[in-house]
Every structure is written in C-alpha cells, then in structure tokens.
Amino acid sequence: MAFAAFGEVAERLRRSTVLIHSGSAGSRRGSGSGVICSDSGLIVTNAHVIRGSHGCVQLWDGREFEAQVSERDHSPDLAALRISAQGLPRVSIADSSRIRAGELALAIGNPLGFVGALSTGVVHAVGPVCGLGPCTWVQASVRLAPGNSGGPLANAAGDVIGINSMVAGGLALAIPSNTVSAFLQTGASTAWLGASIYPTWIPSVGKKLFGLVVLEVQEGSPAATASLLPGDTLLGTEEHRFGNTADLRALLRGSGARRVRIEFLRGDYNRTRKVTVLLGTAHRPARAQAA
C-alpha cells in the first residue's frame, strides 16, 4: 500500500470510531470509544466502557444519539450497542488468525478528551499474556490511555484486527477481531471454561477429526476442576462433536450452572476419554491497567 494513502486510512477509521459516555445525556459517567460495525447503528465496545443498560454515543460529525446495550459479555469484555441511525460509515473486520508479528498497527480512540487521536506501532504477538489467564490478545506497541478502550486496532489497510481493551507491560492489548465477530454473530456467553484453546485437525483412520487443543488452563476454572491439562484435545460432548471454535462458544451459552460431559484425547489418538465439567457464570481475572 502506498504510504500516501495512510492518512486516508486513518481518516476512514476516525469516521467509524465513536465517543461513548455511560449513562444518559444528563448524567454522564466517564467516556470511552466504540466501533461502528454496521451502517444501521450497531456499535461494539468494551463491556467495562458502558456499565449500565444505556449510554450516549457521539459520532465523528458531532451528532449524539441515545444508545441501548443489546448484548454484554464480561468474559471477553465486549458489549454491543444500538443507536437509531442509518448510513453510518462501518469498519471492515479482518481475520485475526492471519495477523503476524511485525505488522503495522494503528489505533484510533478518544484518550483523555482528545477525540479521534491516532497512535501507531507494530504487532508484537498474538496469544495469552502471563498473569492475565488463558485469553488470547493482540499485543501491539501502540500508545493507549484512558478513553481508548473500545476503539479499533487496525492493520495498514484500515481493517480492524482487534478492539483495544487495556495496557499491560507497556503494550496495548486488544481483543482479537475473530472473537469480536463471534460475539456479534452468536451473542454473549454466560458460562466460562477457563482454557485457552487452538483448533487443529487430528489424524484418524480413514479421516481427519477436528479438535481444540488446550494450550493453558486457568487456575480455579471449570477446566482445572475437571482436571483438563495443557495438551489435551477437546473433541466435543457426548451428543455433539466440535466442528469449529464456534461450537465451543455455543456450548458455553445458556443460563446458570450446569454439567456437561466433554470427550477429549490425552496422548493416545485411539482412546477417547470423558470428563464432567461444571459450567457456571462468566468470569474474568483481575485486569491490568484499563485503557
């Protein structure tokens, strides 16, 4: 991409980034950022940016709208808002599984009252962060400050690769765009497993099986209580085999604590094991500095 187009990319992102105030117009409580995901008024932000059921959204052109929270999921720290507007400049969401270390990254947000501020850097890594549990993060050297939370982290083409959430170890941490897309498609999950997983294909006689390899297990989580270990491969439940990562997310949806029987492999591809996992309400470990 020609460097001369970089300013145009940044301007497009600014037009698709909003300023969010919690509470009504007469009782605003703090502010953050959000990203327009549809031209008909769907906006995504961090769950910690808007804590109530409604808020106030200001567009790039100064227009303000009352916003209603339509979905909230504290596990990945995401919330979806709706405003009554049409023809909005929405973002393009990239496939975060294709992100590579060293790629250019840019963030747009509203830090410390500066509306539409731009920060640039490079992607350092994509994966869990020590001390923050098994969640996957896009880690980048862009500079964030309070008010950047909920804003876009984008690649050089202006496609969103994550939603900025916090700062840890001097790096910006963003929720991967694939997690954001899954949230927008399936809604909030109300349970948690507490394991970082990675999709894989398992060699089997005459066919390939899909599985989710456990990379890390969070202490005290349902996965840890069920004695799942890093290296285990989750196959599905007794009733339904996983075909993709969205199947696990669908399993976590539902209300209240419940037990599920999960089939998995440990070392031997020819021996399927089973374990009962108690799924409960969504959980999130203590966070680092919020942006």
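Begin by selecting strands β13 to β17 of this predicted model; they form an open sheet of 5 strands, ordered β13-β14-β15-β16-β17 and paired in the antiparallel sense. Colour β13 (195-204) and β17 (272-279) separately: these strands stand at the edges, and each has a single partner strand, so one side of each lacks a neighbour in the sheet. From one strand to the next, the twist averages 40 degrees.

Next, display the backbone of residues 233-237, which make up β15, and of residues 258-265, which make up β16. The two strands are antiparallel and are joined over 4 bridges. Within this pairing, select Thr237 and then Ile262, its bridge partner in β16.

Now add residues 245-252, helix α4. This helix lies across β13, β14 (207-217), β15, β16 and β17, and runs at about 155 degrees to β16. Show the side chains of Leu248, Arg249, Leu251 and Leu252, which are buried. Viewed down the axis of α4, the buried residues fall within an arc of 155 degrees, so they line one face of the helix.

Finally, move to strand β9 (residues 137-140) and select Val138. Is this residue buried or exposed? Val138 is buried, because its relative accessible area is 0%, under the 20% that defines a buried residue. To see its surroundings, select Ile99, Val123, Ala125, Val126, Leu153, Ile161, Ala172, Leu173, Ala174 and Pro176; Val138 touches each of these, with residues up to four places away in sequence not counted. As a last step, select Gly162: this residue is 24 residues from Val138 along the chain, and the C-alpha atoms of the two are separated by 6.7 Å.

Definitions and conventions. Residues are numbered from 1 along each chain as its sequence is written. This is a predicted model: local features need pLDDT of at least 70, side-chain atom pairs count only at pLDDT 80 or more; totals for chains, interfaces and linings use all residues. Side-chain values use heavy atoms; hydrogens and water are left out. Two strands pair if DSSP finds at least two bridges between them. Axes are lines fitted to C-alpha atoms, for helices over the stretch in contact, and angles run from 0 to 180 degrees between N-to-C directions. Contact means heavy atoms within 4.5 Å. Buried means under 20% relative accessible area, exposed over 50%, partly exposed in between (1.4 Å probe, protein chains only). The arc is that of the directions from the helix axis to the C-beta atoms.
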